[in-house]
Amino acid sequence: MPETDYRLILFDAPADPVALRELFRGVMGLHPTEAMQWVRRAPGILPWPLAEGEVRELLDALYEQGIAAEARRVDTVPKLVPARSVHRAAIQPDGLSISGLRGEPAHYVPWSKLELVHGGRIAADDEFRDPQGIGWANAVASGLNAMILRGPKAPRPRRSKRVPRDPVTELHLVRTDPQIAFRIVADQMNYSDLGDRLLPSAAENFPIFLAELVARADAATITDSTRALIGQPTPEAEPSTYPTSQAMLDATTLRLLWTWYRRDRNRDAENQ
């Protein structure tokens with residue numbers, strides 16, 4: 001049997017989802033429903049292991065459909081999990097100095113080794129709160145009922161109030177040689193290294209930190225979502241929002257692969 005050592009990466013959403021579904025069915029023998037589930041998740045990394053002949057057939061057909069794609073051996077697909085959490089980092093002339101929880105040196109990333117910077121927002125689930133709470137009168141009544149061995153009266157049904165919560169801002173940094181992913185949660189960072197620029201809240205400090213990092217990371221790919229967090233190219237630009245941290249990390253992996261794909265294509269074009 002042929003070795004199934006490859007993964008297929010799609011960088012575009014299909015213009016014709018049905019055509020892509022039929023391609024998956026024809027090459028991999030998927031059920032139509034299963035095939036369409038993955039069509040709807042494109043762009044992304046397909047989960048199935050594929051043989052070399054299969055990926056060649058798929059890539060040829062994807063090219064005809066105008067979908068940017070590539071196949072990679074399993075051992076060359078970046079593994080960014082688990083990302084290392086960062087709670088304190090200082091921007092220095094030559095790189096980013098990351099400290100541990102007690103301030104001890106933990107890692108140093110030269111700017112020349114920082115390959116990707118991707119920021120976004122994680123949607124927070126709304127809270128549901130009792131608009132009245134138990135109340136002091138109800139608490140006293142429950143205590144008296146307990147003293148005379150009577151059960152409390154059944155409470156009147158109350159509607160819980162939906163309280164929207166703000167999304168959480170995250171930043172992913174990927175360094176190369178060795179490949180390591182770092183994860184910064186904006187409201188869990190210690191910004192004391194900003195010195196006299198330090199402001200009262202994380203919401204104010206994070207854009208200052210990020211803007212300086214972006215300005216110095218001249219060798220890195222900075223995603224549009226990251227620039228939107230600091231008002232580039234316009235204050236109206238919106239960063240990407242993800243349902244979970246894992247979904248954002250999946251997106252970071254795809255953006256890293258796109259960076260490699262674009263770099264390789266540019267190199268091939270220069271050598272022709």
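**Asking how we know: cores, strands and helices**

Visitor: Welcome me in gently: which residues does L173 touch, not counting those up to four places away in sequence?

Guide: Gladly! In this predicted model, L173 touches L96, L114, L116, V117, I180, A181, F182, I184 and L213, with residues up to four places away in sequence left out. Each of these counts as a contact because heavy atoms come within 4.5 Å.

Visitor: What makes a set of residues a nonpolar core?

Guide: The members must be buried residues of nonpolar kinds such as Leu and Phe, joined through side-chain atoms within 4.5 Å. The largest such core here has 28 residues, and L96, L114, L173, F209 and L213 have the most contacts inside it. Two or more residues come from each of β5, β6, β8 (114-122), β11 (168-175), β12 (180-185) and α5. Helix α5 gives the largest share, 5 residues. There is also a second, separate core of 21 residues, with M36, A42, L46 and L62 among them.

Visitor: Why is L257 called buried?

Guide: Buried means under 20% relative accessible area, and L257 has 0%, so the word applies. This residue is found in helix α7 (residues 245-271). Leaving aside residues up to four places away in sequence, L257 touches I9, F11, I45, E70, R72 and P78. P78 is 179 residues from L257 in sequence, while their C-alpha atoms are 7.8 Å apart in space.

Visitor: Why do β5 and β7 stand at the edges?

Guide: The open sheet has 3 strands in the order β5-β6-β7, with antiparallel pairing. β5 (89-92) and β7 (105-110) each have a single partner strand, so one side of each lacks a neighbour in the sheet. Neighbouring strands are turned by 20 degrees against each other on average, ignoring direction.

Visitor: How do you know that β5 and β6 pair?

Guide: Pairing takes at least two bridges, and β5 and β6 (residues 95-99) have 4, in the antiparallel sense; therefore they qualify. Q92 stands opposite G95 in β6. Helix α5 (residues 202-216) lies across both strands and runs at about 40 degrees to β5.

Visitor: Why is α1 called roughly antiparallel to α3?

Guide: The axes of α1 (residues 17-28) and α3 (residues 52-64) come within 10 Å and cross at roughly 160 degrees. Angles over 145 degrees count as roughly antiparallel, so α1 earns that description relative to α3. Their contact is made by L20, L23, F24, V27 and M28 of α1 with E54, E57, L58, A61 and L62 of α3. The crossing is right-handed.

Conventions:
Residues are numbered from 1 along each chain as its sequence is written. This is a predicted model: local features need pLDDT of at least 70, side-chain atom pairs count only at pLDDT 80 or more; totals for chains, interfaces and linings use all residues. Side-chain values use heavy atoms; hydrogens and water are left out. Axes are lines fitted to C-alpha atoms, for helices over the stretch in contact, and angles run from 0 to 180 degrees between N-to-C directions. Buried means under 20% relative accessible area, exposed over 50%, partly exposed in between (1.4 Å probe, protein chains only). Angles under 35 degrees count as roughly parallel, over 145 as roughly antiparallel, 65 to 115 as roughly perpendicular and the rest as oblique. A crossing is left-handed if the near helix is turned anticlockwise from the far one by less than a right angle, and right-handed if clockwise.
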